[in-house]
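Hi,

Here is the model I promised to pass on. Have a look at it first, and my notes follow underneath.

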Amino acid sequence: MSSRSAWRALHHSAKRRAFQPATPYRCFSCTRRAQDQPKSEQDRMTHFGFTNVPESEKESRVGAVFSSVASSYDTMNDLMSLGIHRLWKDHFVRSLNPGSPLPAGPHRKGWNILDIAGGTGDIAFRMLDHATNINHDIETRVTISDINADMLAEGRKRSVQTPYYNTSRLDFVEANAEHMPHIPDASVDLYTVVFGIRNFTDKQAALNEAFRVLKPGGVFACMEFSKVDNPVFDAIYKRWNFSAIPMIGQLVAGDRDSYQYLVESIERFPSQDEFRGMIQKAGFMIPGKGYENLTGGIAAIHKGIKPVVKA
Amino acid sequence: MASLARTVPRRALISLQSLRTSSTRPVRQSLQSLQPLQSRTQPHHLHLQPQIRPYHSTLHPRLPDHEYNNSQIAILSAALPHIPEHGFSAEALALGARDAGFLDVSVQLFPRAEFDLVLFWLASRRGLLRAKVEEGALFRRVADKSGRDASSFSTEEKCRILVMERLKMNSDVKGQWQGALAQMSLLSNIPVSLTELHALSNDILSLSDDSAVDASWYSRRLALSAIYASAEVVMTRDPTPDLSETEAFVNRRFEDKEALKQKIEGVSQCVSFVGNTAVGVGRSWGLKI
């Protein structure tokens, strides 16, 4: 009985809806169409996890997510990746081998590394450690840039524990990676972005900006979640991502939505080949295959080198 | 040897290929390694991984096993002069990058790092060897020294000359060669190293006009690879400046090869004779063989 009444209601509502053309009034020779303005910059949509939001809003939404997870960031990373993220990060830094073991030439003073979206300093401290302890290079310096003040504050707090606190080798800057006017052209040796680029509103703009700030011969290196190639492992991994991680987020950090966003943004990020295409589009040379899969493709390291153009 | 009709499409294919992937064949690589290069922006397709193809065709020449773009060749060529001092190491690569106008960090262009330097050394020396023979200077020089005619060398002798010539190219880096051998013997590097060794023995045999197409095609390449690889190890411990000990070693191995070949031929003749006889005896007894 109730189902029938529901059906009737639906039926009615369908009938009652008047026909509305997409453009209510249209003639060939008047300016009425000018009223249907194309959507302005403000209204262009981008994705935020699985939902679509206006581009202007994504930045603040991502900001809110990371502000809320900043304090429990490390614990959560350990729980979510079962500690593997530390291995990935160590491998990433070791493969880049920052710092020169050779005596620097007259014009060279260590490497100038720009760590984008590296608010908590995970990568930056590892790089400085590697340069100092392995390559005995005490000139190499890292600038940590992050759009989120809370993450930077977390990194500043941690830097107190390191020998680089308050030295010229470590710097914190709050900036949007898509537009960095404070960094001059061709001034950076190594540009890294680790688990950050998938949160950017316009990834291609960030890549172009990276190309601009890098010196010729400089390296763009990026570690990001990617696509698992083995279907069986992929099924297990998806199950873990969509069931376990939001739950861990709720239990440990008391914030389910932020972690739901995290797994959705991982899902939306382009595959290895697509992202390599984007890096090439920005003008970089790709060494070899262009990416290296970690743990079956859960994460991937992408590299690009800015070509040296000789006159 | 090859008729015009066969060479023309082949050349066309190579040029097409080089347009598409801007590939550099080993010969060209070696020539480029002698001159400074202008680096350009990179091509879209790169085949740094070895290409393994299960068939052989004269119409579709084998793709080079490792291709490098211009920037990579510039860095690698600049790194070669640093090898005697720094070895096949990341330092040599970094110094090469500096000399070529790149940064220390640019060695990220080489996913295999130092091993790329070893491979480049092998491939470029192989190309140089081929260039020397194709110019005709190598055999003429040896012939003048021994007072013979260059066309009178047998395949065997040519092989021996080429092996020694190739070993002499390594004499500059003799002190560092053990490091290179160690790199090549790493588990992940073994397949590419073996491919390169096969390419060398294949080149040496084809340059010495070996035209065998029967089963000995395999055994010759195998034997030559074994001789060359063992001679390399001996060379690293050879104190003489003109590698005379290594030369004696190579000569002994070639004699061994001959002796072994004769023995195998003798044994196979004996086996076939005994087999034929047994079949004949069986037939004479009325067995339906």
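Residues 191–259 of chain B are 78% helix and 0% strand, and the C-alpha atoms at the two ends of that span sit 30 Å apart. UniProt has a label for this stretch of chain B: an unreviewed entry places "domain: COQ9 C-terminal" at residues 191–259. Do keep in mind that this is a predicted model.

Next, where the two chains meet. On the chain B side, 22 residues are in contact with 21 residues of chain A. Which helix of chain B gives the most to the side that touches chain A? That would be helix α5 (residues 90–99) of chain B, with 4 residues. Sorted by class, the side of chain B touching chain A comes out at 10 nonpolar, 9 polar and 3 charged residues.

Now for chain A itself. Chain A has 10 helices and 9 strands. Of its 311 residues, 37% are buried. If you take the contacts in chain A with a separation of 6 or more, 72% of them are between residues 24 or more positions apart.

One bit of chain A you may enjoy finding on screen: strand β4 (residues 141–146) and strand β5 (residues 170–174) of chain A run parallel, joined by 5 bridges. To get from β4(A) to β5(A), the chain passes through helix α6 (residues 149–159) of chain A, making a right-handed β-α-β crossover. If you want a pair to click on, A:Ile144 has A:Phe172 in β5(A) as its bridge partner.

Cheers

Definitions and conventions. Residues numbered from 1 in each chain as written. Chains lettered and ligands numbered in written order. Predicted model: local features only at pLDDT ≥ 70, side-chain atom pairs only at ≥ 80, totals over all residues. Pairing = 2+ DSSP bridges. Right-handed = clockwise from strand over helix to strand, strands pointing away. Contact = placed C-beta atoms within 7 Å. Nonpolar A, V, L, I, M, F, W, Y, C, P; charged D, E, K, R; others polar. UniProt positions renumbered as here; feature names shortened; annotations may be inferred. Buried ≥ 20, exposed ≤ 12 C-beta atoms within 10 Å, placed from the backbone.
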